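This report examines the packing of side chains in a single model, with attention to aromatic pairs and their surroundings. The sequence and structure are shown first.

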Amino acid sequence: MASCDNGTDEQAPARSWLGETLRPFNFIAVLRERYQIRRICAHSLKLYRRVAREMPEASNMERYARVIAEHSGADSRTVQAIMRRTEESFATWPVERPLTFRDIVQYIAVTGGLKADIAVTGVRSGYVDSVFDIVAGVIPANL
């Protein structure tokens, strides 16, 4: 049997193009990430609805602050800092607009997810886009 010496081992199993393409992605981590984001969204929405019932006369900003405080256990100073950072991150670029509840939940999900997973998986470029897509699918735009 003639052997072609091209640097390949004829006995090695054939590599699948799909396997080679998908190898860089850790699907378990992505699924875990998406589940965590949905959980944050559901918990935040539940908190918001309870706060809205308890504080019917409150402004949106007061409700957002209360949700952040209850979600994180932060004091009022830290809550205000979180709201300021959220506004700077989401509500001033590319066009300045009022802060929304989606912005708050996106900030919580991104910062919470990064804290939990950055040491293990690093920051994936699609992580923030993934957060936005999930949050937009769970959190109503009018809150």
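In this predicted model, Thr86 touches Ala91, Leu99, Asp103, Ile104 and Tyr107, leaving aside residues up to four places away in sequence. Thr86 lies in helix H4, and its relative accessibility of 0% means that Thr86 counts as buried.

One of these partners, Ile104, has its own set of contacts: Tyr64, Ile68, Met83, Thr86 and Leu99, again not counting residues up to four places away in sequence. Ile104 is also prominent in the largest nonpolar core, which holds 30 residues; Met83, Phe101 and Ile104 are the members that touch the most others. The elements giving two or more residues to this core are H2, H3, helix H4 (76–91), H5 and helix H6 (127–138). In soluble globular proteins, nonpolar side chains tend to be buried together.

**Aromatic pairs**

A pair of aromatic rings is described by the distance of the centres and the angle of the planes. The model has three aromatic pairs, and two of them are set out below.

| Pair | Centre distance | Plane angle | Class |
|---|---|---|---|
| Tyr48 and Tyr64 | 6.3 Å | 40 degrees | tilted |
| Tyr48 and Phe101 | 4.7 Å | 40 degrees | tilted |

Why is the pair of Tyr48 and Tyr64 classed as tilted? Planes under 30 degrees apart would count as stacked and those over 60 as edge-to-face, so the angle of 40 degrees between these two rings makes the pair tilted.

The pair of Tyr48 and Tyr64 links distant parts of the chain, with Tyr48 in helix H2 (residues 27–54) and Tyr64 in helix H3 (residues 60–72), 16 residues apart. The pair of Tyr48 and Phe101 also links distant parts: Phe101 belongs to helix H5 (residues 101–121), and 53 residues separate it from Tyr48. Together, Tyr48, Tyr64 and Phe101 form one aromatic cluster.

Are the members of this cluster buried or exposed? Tyr48 is buried, with a relative accessible area of 5%, and Tyr64 counts as buried at 1% relative accessibility. Phe101 is buried as well.

**Helix H3**

Tyr64 is one of the buried residues of H3, which are Arg63, Tyr64, Ala65, Val67 and Ile68. The helix has 13 residues, and the span from its first C-alpha to its last is 18 Å, close to the 18 Å expected at 1.5 Å a residue. Just after H3, Gly73 adopts a positive phi of about 75 degrees.

Terms used
Residues numbered from 1 in each chain as written. Predicted model: local features only at pLDDT ≥ 70, side-chain atom pairs only at ≥ 80, totals over all residues. Heavy atoms only, no water. Phe/Tyr/Trp six-rings, centres within 6.5 Å; stacked < 30°, edge-to-face > 60°. Helix = DSSP H or I, 4+ residues; strand = E, 2+ residues; numbered from the N terminus. Buried < 20%, exposed > 50% of the residue type's maximum accessible area, 1.4 Å probe, protein only. Core = buried A, V, L, I, M, F, W, Y, C linked by side-chain atoms within 4.5 Å. Contact = heavy atoms within 4.5 Å. Expected span 1.5 Å × (residues − 1).
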